[in-house]
Amino acid sequence: MNRMPLSRTARLLILLATVVVLGAVAVGATLAAAGRADRKDRTQSDGPKVTPGAVRLDGPHQGLFRNMAWGPHRDEITAVPERRLTGPRTASGVHCLRFHAAAGTGICLQAVHGELRDSYRAVLLDRRLREVRHYDVAGTPTRARVSPSGRTVAWTVFVSGDSYAGTAFSTRTSVVDTGGRRLDANLETYALTVGGHRVRAADINVWGVTFADDTRFYATAATGGKTYLVRGDRGTRTLRALHPNVECPSLSPDGTRIAYKKRIAGADPDAPWRLYVLDLRTLRETATGEHRNIDDQAVWRDGHTLVYSLPGDYGSDLWTVPADGTGTPHRLLSAALAPAFTR
């Protein structure tokens, strides 16, 4: 059957209708996004109580964390007494995407909102959460740690990619002393050895520092499709592989164990990790009672208990489980991320 060609007027009407439909879709998406943003600015009646106030990083027996509850204090570092973690939160007014603190020093990874795109920076904080200095960073914040003394800090960002689940990502991890005298901008420049052999591959990634002291640390190094727990030394600028299949390590307060994410064979490739603990003397692995996928760098609340994040109604909740493989996990805090605990 021969079809009559469309007239110019008909073609214009079809084009106009298409433009109108696409415009309506775009407007609808914009309004929906604006509605979501507006809801996040409004306090939820069933959310935790959050009020502004003075927060100190050296306050005794408290929990500090990024508040994820919707309302005017979302993303601010908040404090609660450790004996009443689910009680009212005091908001500092300091916004962080990633955060950690120890010995009165804080590291805050922040977004800097621009007209065309966001940029990011690492901000050193004193005990009153005042900025000491800041460093521009090369990508999206993902990990942050402060040494036990508070004199050295580290952070990791995604230079490309946004997930550790696959292999198509690149990280950059930096370490600096809080006096600002020495910045190691990229730990990939350290000499990495695996099995006693120097690795000079172009695919090395390093992330997730956890400090033993101001010079020695542990981290994850990846190369050749494998990950390793490495021991790092700022004095010798070296990384030495200790154990395979370790990601985002966290050193126990007594320095004898590492909590970490272990990639499990046969697991969903988008959710491949389980929470384990490694004895550094024997290299014996212990699976914790948490059997869900964990994509976080756990924190030791004390010498026996781990705290980590899982997805929640407001984006993230904090959960806890014993480190010795006993017990079952339970929710510690709703609408919270990036915790630190003071003594």
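In the predicted model, Phe158 lies opposite Thr171, a residue of strand β11. This pairing belongs to the contact between β10, residues 152-160, and β11, residues 170-177, where eight bridges join the two strands in the antiparallel sense. Both strands are part of an open sheet of four strands, arranged in the order β9-β10-β11-β12 with antiparallel pairing. The edges of this sheet are formed by β9 (140-146) and β12 (183-184), each of which pairs on one side only. Strands of a sheet pair through backbone hydrogen bonds, and the pairing may be parallel or antiparallel.

A further antiparallel pairing is found between strand β19 and strand β20 (residues 257-263), which are connected by three bridges. Within this pairing, Glu247 has Lys261 of β20 as its bridge partner. The two strands form a hairpin with five residues between them. Gly255 lies in the turn and has a positive phi of about 75°. Strand β19 covers residues 247-251, and five of its five residues are buried. Cys248 is buried, since its relative accessible area is 1% and the cut-off for burial is under 20%.

Lys261 also takes part in a contact between a charge and a ring: its charged end sits over the ring of Trp273, at 3.7 Å from the ring centre. A second arrangement of this kind involves Arg292, whose charged end is placed over the ring of Trp319, 4.1 Å from the centre.

Four aromatic pairs are present in the structure. In one of them, the ring centres of Trp70 and Tyr314 are 5.8 Å apart and the planes stand at 90°, so the pair is edge-to-face. The two residues come from distant parts of the chain, 244 residues apart. Trp70 is in the loop between β2 (62-67) and β3 (76-81), while Tyr314 is in the loop between β24 (305-310) and β25 (317-322). Trp70 is partly exposed, with a relative accessible area of 22%, whereas Tyr314 is buried, with a value of 12%. The cut-off for burial, under 20%, therefore falls between the values of Trp70 and Tyr314.

Another of the aromatic pairs is made by Tyr190 and Phe217. Their ring centres lie 6.4 Å apart and their planes are at 50°, so this pair is tilted. Tyr190 is located in the loop between β12 and β13 (191-194), and Phe217 in strand β16 (residues 216-223); the separation along the chain is 27 residues. Tyr190 is buried, with a relative accessible area of 2%, and Phe217 is also buried, at 1%.

The largest nonpolar core contains 20 residues. Leu57, Leu64, Phe99, Leu125 and Leu129 have the most contacts inside this core. At least two core residues are supplied by each of the strands β3, β5 (98-102), β7 (119-125) and β27 (336-341). Strand β27 gives the most, with three residues. When neighbours within four places in sequence are left aside, Phe99 is in contact with Leu57, Leu64, Ile77, Ile107, Ala144, Ala338 and Ala340. A second core, separate from the first, has 18 residues, among them Ala154, Val175, Val199 and Phe211.

The model contains one disulfide, which joins Cys96 to Cys108 with an S to S distance of 2.0 Å. The angle about the S-S bond is -115°, and the link is left-handed. Cys96 lies in the loop between β4 (89-95) and β5, and Cys108 lies in strand β6 (residues 105-112), so the disulfide ties together parts of the chain that are 12 residues apart in sequence. Both cysteines, Cys96 and Cys108, are buried.

Over the whole protein chain, one helix and 27 strands are present. Of the 343 residues of the chain, 47% count as buried. Among the contacts with a separation of 6 or more, 43% are accounted for by residues 24 or more positions apart.

Technical notes. Residues numbered from 1 in each chain as written. Predicted model: local features only at pLDDT ≥ 70, side-chain atom pairs only at ≥ 80, totals over all residues. Heavy atoms only, no water. Pairing = 2+ DSSP bridges. Buried < 20%, exposed > 50% of the residue type's maximum accessible area, 1.4 Å probe, protein only. Phe/Tyr/Trp six-rings, centres within 6.5 Å; stacked < 30°, edge-to-face > 60°. Lys NZ or Arg CZ within 6 Å of the ring centre and 35° of its normal. Core = buried A, V, L, I, M, F, W, Y, C linked by side-chain atoms within 4.5 Å. Contact = heavy atoms within 4.5 Å. Disulfide = S-S within 2.5 Å.
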